[in-house]
2 protein chains.
Amino acid sequence: MKVVKFGGSSLADGEHFAQAIKIITADPQRRVVVTSAPGKRTANDTKVTDLLIKYAQQVIAGQPFQETVTQIIGRYTAIADYFNVPRTKLAPLAERLNELPNWHFPNNNYLLAAFKAHGERLNAQLMTIILQQLGYEARFVTPEQVGLRVTGTPNNASVTPEAYSLLDRFSFNDSELLIFPGFYGITLAGHLATFSRGGSDITGAILARGLHADLYENFTDVDAIYVANPAVVDHPQPIAKMTYREMRELSYAGFSVFHDEALIPAIQGNVPINVKNTQHPEKPGTLIVPDKNFQPADIVTGVVSGKHFAAIYLHKYLLNKETGFTLRILNILARHNVSYEHMPSGIDDITIILDKNQIDDQLVDTICNEIQEEINPDQLEWIDNYAITMVVGEGMRNRIGVINDILAPLAEDGIPVPIINQGASRISIMIGTYDRDADKAVRAIYHRFFAN
Amino acid sequence: MKVVKFGGSSLADGEHFAQAIKIITADPQRRVVVTSAPGKRTANDTKVTDLLIKYAQQVIAGQPFQETVTQIIGRYTAIADYFNVPRTKLAPLAERLNELPNWHFPNNNYLLAAFKAHGERLNAQLMTIILQQLGYEARFVTPEQVGLRVTGTPNNASVTPEAYSLLDRFSFNDSELLIFPGFYGITLAGHLATFSRGGSDITGAILARGLHADLYENFTDVDAIYVANPAVVDHPQPIAKMTYREMRELSYAGFSVFHDEALIPAIQGNVPINVKNTQHPEKPGTLIVPDKNFQPADIVTGVVSGKHFAAIYLHKYLLNKETGFTLRILNILARHNVSYEHMPSGIDDITIILDKNQIDDQLVDTICNEIQEEINPDQLEWIDNYAITMVVGEGMRNRIGVINDILAPLAEDGIPVPIINQGASRISIMIGTYDRDADKAVRAIYHRFFAN
């Protein structure tokens, strides 16, 4: 049995719906379908999720919102029209959308979550109607019905173990297609709460695990996951197969094709993931499989860089004799809810690498001041322009000299490498460069391993 | 003004004393002399410090000790005889040594410290007698007199800021030579307490700082500090000049020529250190200077490895999303008084490198069990056989491609490098190998930078 998930661009209009339905119905193993909200049809288009956010904000602000509602309903109507779905069948969807402002919400965060969730919900409902009209035995199933229980904040929820117990009890028959909205679950109190943005991937993975799928097919708008970002490297090679662990390491520094958090349920359930292109379902895409017994085809699987890093550099004579100094630094960071990425330490020096997305200038000042006061270093430097490049590959494990092949082309290109972190993971090497050199570094490493 | 310190082998017998006196009196700038206890005269000889420890242990155990005392006095008498010092002049030294068991000590640790300290103390006294007999204006000065106040445990003391205030008030005239025993200071309560073993280097550095010396000459039994350990590399090149910081990084992994803790007072007082050979005072030795405005002659200054490292490797999916997991690991270590050396971390992995000297098998078990319970990793591995090689050089700073020159010969020799830590310090790179490869790695790196 396969769980199939379609991204927003794959469900943006009638034509794309038709293509998705062709895919769903081409393989009788495809039994569970997870929908996203309709995405952009053209570059200047607005995603339905963004329209729903606008709708929620207008409701919260007490502003008129009817125009926005009309726009949203228009998107679903256009798809319905493509399949000649009678308007009466669509009426309950519009009605529900219009009713949302009258619901009771514990606070505006829950309101926002519930509004957002309807992009996926209405799309799943519409998909069910269309499939039924085409003669398929399709059933619209909601997180509410199966008990997809979540916890955490309303707009950044996470699945609970209870959800899996409840999914285990959910039964469906062999002939029916289940159509399930992505992106959200329900809290213990019965409120809607969404995963982080792009979270339909997560729903698909939860269902794949919870319903014991053999494969989780993730249909999106690219042919495959590539060895390097196509925006950086021209026509990079696609990755045919990689392990969960490789995907984790690559997504960390910026590979955003597959939602990071969506890996976990797949890993826990040992369900392979196939990332495929809705427009070219015949292409093999990228298969993400368990680590066990994996035979890597290449030494390097992927090279990726993220430019959003900064560092605090500390030098203090006899630093490593002061027991607990790392603890004190970590406590300062924890006090401000800042987590560190890496922390290479020397004898009298330590460099703390941070994700710039979680800090602003004022927080930097505060943290540096507190370190200065509590640790009293001889030197304290804030370095604002680091990029982290991850070179990942199960094939690198235990292979002597890979690091030389990675670093040699950088030296030839005159790229300074102030930071190297090898040894934490056995299947990746972290290279720290200045952000201006990050793309050059990725190209140099890519060409060393793939262009020859 | 120069502070001159002689090591134990440089003051082991009359002949060596004569050589030391020749050095002291050859330069009128050499005004403060710090003595060690007499060292070994032959390979099978016993150091006076070890005899004093034996003496202390016999006293503590209530065993007869007169034979040991006779042996100790014999060492000083032999030196005195070489210079025809009348026995009556030596009598107060023997008397003091014999009196020691009658002193009052707060506990046996203080007893041990006081006994040990007398190796240096009696040697300084004897040196003064000999210099006076030779017609020099020499004055025996003790830590008690100048107020060399220390704190900490009796056998591992550290200097207090107060000691420097008191040294500042200590006056001596231009014509006299001050002879000062190394290795110990006095506590606030007036008890003798020693520095860690080899601590006469520390005394010399404290006096160099406290008395505002222009140079601290450290006379020992080697011509210089070498780029690599002569036991590993044949005839390594001597280091003519290096910075305090380079010395710190090198001594960390095992360069033991100059006492690690002795660097700090020199750094604080900005006093250059000259490590020289007592037997070849005409040779330039190694000069250790402030970091500021230093012009490195070579790219690499030193390569050294230590084989006493182990690591705990942890893998857990989503490790880096668990805020505070590093804190929890560090708390477990802190609970057992174990400090970590390095902690390379990946996305879902962390490796904690530990000094094996501070842990035994049982403690390893306990710590691993606690980590398993509190962190619950998917994988936990204890790796027992790491060596750390430090490649150090101010000349490496901002130089592109040095890392390639370091790693290339290792790859050529088929040496696996499971750990690389670059970026903490700007003047060193840490290479982790398996202990069996450590010497081979040092030789390969040395020959790449120096033999060509």
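In what follows, Ala, Val, Leu, Ile, Met, Phe, Trp, Tyr, Cys and Pro count as nonpolar, Asp, Glu, Lys and Arg as charged, and the others, Gly among them, as polar. The structure to which this grouping is applied is a predicted model, and the account below begins with the relation between its two chains.

Chain B can be laid on chain A by a turn of 179° with a shift of 0.0 Å along the axis, and the RMSD of that superposition is 0.1 Å. The two copies are thus related as by a two-fold rotation axis. Within chain B, the residue that comes closest to this axis is B:Asn421, whose C-alpha lies at 2.6 Å from the axis. As for the surfaces involved, 100% of the interface residues of chain B are also interface residues in chain A, so the copies meet through the same surface.

B:Asn421 leads on to the enclosed spaces of the model. Rolling a probe the size of a water molecule over the atoms shows where empty space is left. With a threshold of 30 Å³ or more, the count comes to seven cavities, and the largest cavity has a volume of about 60 Å³. Residues of both chains line the largest cavity: from chain A come A:His342, A:Met343, A:Pro344, A:Ile420 and A:Asn421, and from chain B come B:Met343, B:Pro344, B:Ile420 and B:Asn421. Strand β17 (419–422) of chain A and strand β17 (419–422) of chain B each supply at least two residues of this lining. By the grouping given at the start, the lining of the largest cavity divides into six nonpolar residues, three polar residues and no charged ones.

The cysteines can be considered next. A disulfide is a covalent bond between the sulfur atoms of two cysteines. A search of the whole structure finds zero disulfides over all chains. Among the residues of interest here, A:Cys368 is buried, with a relative accessible area of 14%, and B:Cys368 is likewise buried, with a relative accessible area of 12%.

The backbone offers another point to examine in each chain. Most residues other than glycine have a negative phi. A:Asn376, however, has a positive phi, near 50°, and B:Asn376 also has a positive value, near 55°. In chain A this residue, A:Asn376, is placed in the loop between α12 (361–375) and β16 (379–392), and B:Asn376 is placed in the loop between α12 (361–375) and β16 (379–392) of chain B. A:Asn376 counts as partly exposed because its relative accessibility, 47%, falls between the limits of 20% and 50%, and B:Asn376, at 47%, counts as partly exposed too.

The loop between α12 and β16 of chain B also holds B:Asp378. Leaving aside its neighbours within four places in sequence, B:Asp378 is in contact with B:His315, B:Lys316 and B:Tyr317. B:Asp378 and B:Asp348, which are 30 residues apart in sequence, have C-alpha atoms 9.9 Å apart in space.

The last site lies in chain A, where A:Glu217 is found in strand β9 (residues 215–220). A:Glu217 has a relative accessibility of 2% and therefore counts as buried, the limit being under 20%. When residues up to four places away in sequence are not counted, A:Glu217 touches A:Lys2, A:Val3, A:Val4, A:Lys5, A:Arg30, A:Asn274 and A:Lys276. Between A:Glu217 and A:Thr286, which stand 69 residues apart along the chain, the separation of the C-alpha atoms is 9.9 Å.

Key
Residues are numbered from 1 along each chain as its sequence is written. Chains are lettered from A and ligands numbered from 1 in the order in which they are written. This is a predicted model: local features need pLDDT of at least 70, side-chain atom pairs count only at pLDDT 80 or more; totals for chains, interfaces and linings use all residues. Side-chain values use heavy atoms; hydrogens and water are left out. On a 1 Å grid over the protein atoms alone, a cavity is a set of points where a 1.4 Å probe fits but cannot get out, and a pocket is an open set with protein on both sides within 12 Å along at least five of seven lines; lining residues have an atom within 4 Å of a point. Grid points are joined across faces, edges and corners, and a volume is the space filled by probe spheres set on the points. Helices (H or I, at least four residues) and strands (E, at least two) are DSSP runs, numbered from the N terminus. A disulfide is a pair of cysteine sulfur atoms within 2.5 Å. Buried means under 20% relative accessible area, exposed over 50%, partly exposed in between (1.4 Å probe, protein chains only). Copies are superposed by least squares on the C-alpha atoms of residues with pLDDT of at least 70 in both. Contact means heavy atoms within 4.5 Å.
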